[in-house]
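Here are a few exercises on strands and the helix that packs on them. Keep the viewer open and work through each step.

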Amino acid sequence: MTTKQRIDEYFAGKEDQLVQAVSRLVRIDSTLGEARPGMPFGPGPAAALEEALTLAGELGLHGKNLEGYVGVVDLNEKETALHILGHLDVVDAGEGWTVTQAFQPKVVDGLLYGRGTDDDKGPMVAALLAMKAVKDLGIPLKKNARLIFGTDEETGFRDIHWYYDKHPYAPYTISPDADFPIINIEKGHYQPTFGANWPEEDALPRVVSITGGPRLNMVPPKAQALVAGLPLETIQAAYDGLGLEEAITFSLTQREDGVHILCNGQGAHGSTPEEGHNAQTALVALLAALPLADCPSSRAVRALARLFPHGDFTGQALGIAQSDELSGHLSLAFTLLNLNTTGFQARFDSRTPLCGTDESIRLVTELAMAQAGFTITGRIDPPHHVPADAPFIQVLAKCYELYTGQKSQCLAIGGGTYVHDIPGGVAYGASMPGFVSNLHGPDERVNIRDLLTAAKIFTQVILELCAE
C-alpha cells in the first residue's frame with residue numbers, strides 16, 4: 001500500500017471529527033480584547049488558544065502555551081524542519097449573517113459556517129489532524145514538525161514577532177491561511193496615516209462629523225455622518241443623483257443637531273476591495289456633492305472624494321496605479337476615517353506589487369496629500385517573494401497535485417500572512433481554487449470535504465520533509 005493510500009484510508013470517515021473540532025474553536029469569540037496577565041491579546045484569543053491545546057492533548061499530541069502569545073505542538077523532540085503557522089484570533093462578527101450567527105457553527109449542504117471556519121481555525125484544525133495522522137501512521141521521522149497557533153494575526157502579528165524574537169526560523173515554513181495551490185508572492189503593504197487640523201468650525205451648512213470603517217484591513221460595510229444646516233430633502237436629492245450601485249443604501253434621519261446619514265455597503269477583505277461595496281467612499285461621495293459652506297471640513301471632504309472616488313480599487317485617482325506580470329496590480333481600499341469640528345484622521349490599505357517602489361508609491365502619495373493640504377506619515381512594507389523554482393516549492397506542488405489531481409501553480413495575493421517576513425515561507429491552502437469563503441464578511445464558511453483534503457495534503461508534506 002502506498003503512502004497516499006494509507007493516508008486516504010486513515011482519513012476516511014473523519015468528516016464529523018473535523019467538524020466537531022473546528023466547531024469547538026468557532027464557538028469562542030476570539031476577537032482582540034484588553035490585555036490581562038497571561039492574556040496579551042485579551043480573554044477571547046486566550047480561550048481559543050487553551051481550547052486548541054486541549055484538542056491537541058485529546059489527540060495524543062504534546063502542546064505548550066508560550067506565555068499566551070502562541071501555542072506550539074511538536075511531533076517529537078528532534079531538530080525541527082517544518083513550521084506550520086496559523087492563527088486562532090478572528091475579526092469581529094460584523095453584520096449581515098443569514099445562515100447562522102458568527103459564533104454558532106452550522107453545517108449546511110457540506111459547508112461549515114461560522115467566523116473563523118476559513119480564517120483560520122478550520123485550516124489549523126486540518127493541520128492538527130495531519131499531525132495526529134503522522135503520529136498514528138507510525139512512519140519513522142528524522143525531523144520534527146512544529147505547529148504554531150497564533151493569537152494576533154488580525155491585529156498586528158505581535159504574537160509571531162514575539163515568538164521569532166526568541167526562537168529560530170525553521171528551514172521550511174507554511175501557513176494554511178490562504179488558498180491552494182501555493183502563494184509564493186505576498187504583495188507589499190502601504191497603509192499610511194493622514195489628516196488635517198483646523199480651528200473649531202461654526203460655518204453652515206457643513207459636515208459636523210464622519211465615522212468610517214472599523215478596521216484598517218476591512219472594506220467598511222457602513223459609515224455615518226452628521227450634516228448641519230441642510231434640509232433632509234436636499235441630501236436625498238444629492239443621493240438620488242449619484243447613481244450608486246444597489247448594494248449601497250442610505251438612511252437619512254432628521255435630528256435636532258442636523259441630518260444623520262447612515263450608509264450601508266458590504267464588507268470585504270482590504271486586499272480585495274473589488275469584492276465589497278465601500279460605504280465610506282460612497283458616503284464621502286455624497287457629502288462632496290452637497291452645497292456646503294466654504295470651510296476647512298468642506299474642502300477636506302471634497303479632496304477626499306477626489307483622491308478616493310467610489311469604485312477606484314487601484315489607486316488611479318491618487319496616481320499610484322501600477323502592475324506587473326508576476327504579482328498583478330496594486331489594490332487600494334480607503335478604510336478608516338474620523339472627522340470632527342477641528343480636523344480629521346484617516347488611513348487607507350494598499351497592497352503593492354513587486355514593481356512598486358518608494359518613488360512610484362510613497363512619494364507620489366505624499367505629494368498628492370500635500371497638494372490637498374493634508375499631512376501624512378507611513379512607509380512601505382516590502383513584498384514577500386519566494387522563487388517558484390525553489391526545491392521546497394516543488395515538494396509542495398507535488399503534494400497538492402497528488403491529492404487533488406490538479407496542476408499546481410504559484411500565485412500572488414494582496415493579503416499578508418504570517419510568512420510575510422519569514423525567509424522562504426509560503427502560504428499554502430487551505431481553500432481550494434475557486435471556492436468563495438466570505439472571510440471577514442458575513443456567512444464565512446469552509447467546504448468540509450476540501451478541508452479534509454487539505455489535512456491529507458498537510459500530512460503528506462510533513463512526511464516529505466520530516467520522514468526518514
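Two strands count as paired if DSSP finds at least two bridges between them. Strands (E, at least two residues) and helices (H or I, at least four) are DSSP runs, numbered from the N terminus. A heads-up: this is a predicted model, where local features need pLDDT of at least 70, side-chain atom pairs count only at pLDDT 80 or more, and totals for chains, interfaces and linings use all residues. Residues are numbered from 1 along each chain as its sequence is written, and side-chain values use heavy atoms, with hydrogens and water left out.

**Exercise 1.** Trace the pairing from β3 through β7.

*Solution.* Start at β3 (residues 80–87), which runs parallel to β7 (residues 172–175) and is joined to it by three bridges. Here Leu82 sits opposite Tyr172 of β7. Next, go from β7 to β26 (residues 426–427): two bridges, again parallel. Ser175 faces Ala427 in β26.

**Exercise 2.** Lay out the open sheet that contains β5, and find its edges.

*Solution.* Put the three strands in the order β4-β5-β28, with antiparallel pairing. β4 (106–108) and β28 (445–447) each have a single partner strand, so they are the edges, with one side lacking a neighbour in the sheet. The twist averages 25° from one strand to the next. Now zoom in on β4 and β5 (residues 111–113): three bridges join them, and Val107 has Leu112 as its bridge partner in β5.

**Exercise 3.** Which strands does helix α11 touch?

*Solution.* Helix α11 (residues 448–466) packs on the sheet, touching β4, β5 and β28; contact means heavy atoms within 4.5 Å. Its direction makes about 65° with that of β28. For such angles, axes are lines fitted to C-alpha atoms (for helices, over the stretch in contact), and values run from 0 to 180 degrees between N-to-C directions.
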